[in-house]
Amino acid sequence: MKIAILSRNANLYSTRRLAEAAEKRGHKVQVLDHLKCDIIIEQNNPLIYYKGEKITDIDAIIPRVGASVTFYGSAVVRQFEMMNVFTTTNSQAIVRSRDKLRSLQLLARAGVGLPKTAFTNYSKEEKNLVEVVGGAPLVIKLLEGTQGLGVVLAETKKAAQSVIEAFHNLKARVIVQEFIKEAKAADIRAFVVNGEVVGAMKRQGKEGEFRSNLHRGGSATVVKLSRAEKSAALKATEAMGLHIAGVDMLQSSRGPLILEVNSSPGLEGIEKATDIDVADRIIEFVETRQPKAKVTRKKVTH
Ligand SMILES: Nc1ncnc2c1ncn2[C@@H]1O[C@H](COP(=O)(O)OP(=O)(O)OP(=O)(O)O)[C@@H](O)[C@H]1O
Ligand SMILES: [Mg+2]
């Protein structure tokens, strides 16, 4: 097969590993920077030009679209879809996963466990919001935050109200979430490929830090998931209309609670923590060109 990896940089760990794994399995690989793809729209003739040359013979794409270029990256993926090229992640699912609020709404409907979460657009409602999620301590998150930045633990009601007020004054949109204390500053990342959890790791926040992000000094170790955790990861992936996903969850006294489903999960952390060849599993999925769990329009409509 001829496989294109959509990535800004061929030297990134995930891109490199996917290219290696594809070549090892006998495929031709091309890394395309999605920001250098031109989309040509014409009646019944969808085309992409890459650095001035027409792209014609790609059998499948693996999108690795970063959060900062979601708009253009997903448009390029959509154009490949118009050209009937198989994609491991469809364009709508990428866009859907980048909206934290929309994602939580979909996950809630699918019946997966979630920390109780509230959102308001009305800045006079701080007090109510705090009550709705069960009072302090609670977690306040910037909707646009990533890598643990913009995630704040408010220990008291007063602190919570002040932080929400401050964010609102800055015109930043936030969600307010029940604090899951028993997670003990750790979360779990389950890596899902085509209806299966292929690897999982536990990330532990460094001393004195409730956020487990590796970017905030956390450390990762391999972990064996319970049946409930596996099932939550698969259900969440399906609810988002994804076939490859990094599902983050907290271990709570009422079972696994999903924090987020990542549509472009990195391979470095999970491969190093688990010693599993995740890239190979992804290429194996590409070879089938057919997702196992068919995500129908009926299941995901938003
Ligand atoms: N409700 C919560 N209760 C306890 N700990 C939490 C809660 N929400 C988040 N955390 C901790 O904070 C970390 C960062 O939160 P989260 O993953 O929601 O934001 P982020 O990493 O900045 O965003 P993203 O995952 O979208 O890049 C989590 O990995 C987890 O360890
Ligand atoms: Mg996170």
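This report covers the surroundings of ligand 1 and the packing of helix H4 in a predicted model.

**Ligand 1**

The shell around ligand 1 holds 21 residues. Lys141, Gly148, Glu178, Asn213 and Glu260 are the closest. By class, eight residues of the shell are nonpolar, seven are polar and six are charged.

Three polar contacts to ligand 1 are listed here.

| Residue | Protein atom | Ligand 1 atom | Distance |
|---|---|---|---|
| Glu178 | backbone N or O | nitrogen | 2.8 Å |
| Ser212 | polar side-chain atom | oxygen | 2.8 Å |
| Asn213 | side-chain N or O | oxygen | 2.8 Å |

On its own, ligand 1 has 610 Å² of accessible area, and the protein covers 93% of that. Three strands each give two or more residues to the shell: S9 (138-142), S11 (174-178) and S16 (255-262).

**Helix H4**

Helix H4 spans residues 100-110. Its buried residues are Ser103, Leu104, Leu106 and Leu107. These four lie on the same side of H4, because they cover an arc of only 165° around the axis. The cover over them includes helix H3 (91-97), strand S8 (117-119) and helix H7 (227-239). Strands S11 and S16 are also part of that cover. Both strands also give two or more residues to the shell around ligand 1.

The ends of H4 come next. At the N-terminal end, Asp99 acts as the cap. A side-chain oxygen of Asp99 lies 3.2 Å from the backbone nitrogen of Leu101. Just after H4 comes Gly111, with a positive phi of about 85°.

Conventions:
Residues numbered from 1 in each chain as written. Chains lettered and ligands numbered in written order. Predicted model: local features only at pLDDT ≥ 70, side-chain atom pairs only at ≥ 80, totals over all residues. Heavy atoms only, no water. Near = heavy atom within 4 Å. Polar contact = N/O pair within 3.5 Å; in protein donor to acceptor, adjacent residues only side chain to side chain. Areas by Shrake-Rupley, 256 points an atom, 1.4 Å probe, with all protein chains shown as cover. Nonpolar A, V, L, I, M, F, W, Y, C, P; charged D, E, K, R; others polar. Buried < 20%, exposed > 50% of the residue type's maximum accessible area, 1.4 Å probe, protein only. Arc of directions from axis to C-beta. Contact = heavy atoms within 4.5 Å.
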